[in-house]
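What does this chain look like when its elements, its surface and a few of its residues are described in turn? The report below takes these topics one after another for a reader who has not met the structure before.

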Amino acid sequence: MLFFYASMNIVRQYLALAIILFGFELVKKKKFFWYLIVVYLASLFHSSALIAILVYFMYNKKFSIKVLVIVLIISFIFMMNVGPIMNLVYSIIGKTNYYV
């Protein structure tokens with residue numbers, strides 16, 4: 001039964017990703033309202049799709065190598081410490097039974 005829940009979560013993530021990728025054409029055409037609708041539809045399948053809103057604002061920006069390296073390092077540190085960070089978040093907001 002545990003495998004079923006995990007596999008359904010993966011399917012929902014990929015479905016949301018497919019919808020977001022479809023919406024990238026709207027980013028290129030600078031149609032923010034319609035892109036928000038696509039992101040909202042994707043978030044109905046998985047809430048992580050809401051992160052894609054940032055793509056609209058970062059699409060035409062030019063970032064230096066220094067900024068990209070700093071973001072990469074911060075992301076790596078976060079990924080290596082995601083367990084303790086999530087424990088801190090759970091202690092603040094409380095752990096729900098939804099994901100157990």
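Accessible areas come from the Shrake-Rupley method with a 1.4 Å probe. Computed in this way, the accessible surface of the chain comes to about 8,600 Å², and 75% of that surface belongs to carbon and sulfur atoms. The model is a predicted one.

The chain contains five helices and zero strands, and read along the sequence these elements give the pattern α-α-α-α-α. Of the 100 residues in the chain, 15% are buried. When contacts between residues at least 6 apart in sequence are considered, 46% of them join residues at least 24 apart.

Two of the helices can be set out side by side.

| Helix | Residues |
|---|---|
| α2 | residues 32-43 |
| α5 | residues 82-93 |

Within helix α2 lies Ser43. Is this residue buried or exposed? Because its relative accessibility is 17%, and buried means under 20%, Ser43 counts as buried. Leaving aside residues up to four places away in sequence, Ser43 touches Ala49 and Leu50.

Helix α5 has twelve residues, which at 1.5 Å a residue should span 16 Å, and the end C-alpha atoms of α5 are 16 Å apart, so the expected span and the distance in the model agree. The number of buried residues among the twelve of α5 is zero, and therefore this helix lies largely in the open.

Note on methods. Residues numbered from 1 in each chain as written. Predicted model: local features only at pLDDT ≥ 70, side-chain atom pairs only at ≥ 80, totals over all residues. Heavy atoms only, no water. Helix = DSSP H or I, 4+ residues; strand = E, 2+ residues; numbered from the N terminus. Buried < 20%, exposed > 50% of the residue type's maximum accessible area, 1.4 Å probe, protein only. Contact = heavy atoms within 4.5 Å. Expected span 1.5 Å × (residues − 1).
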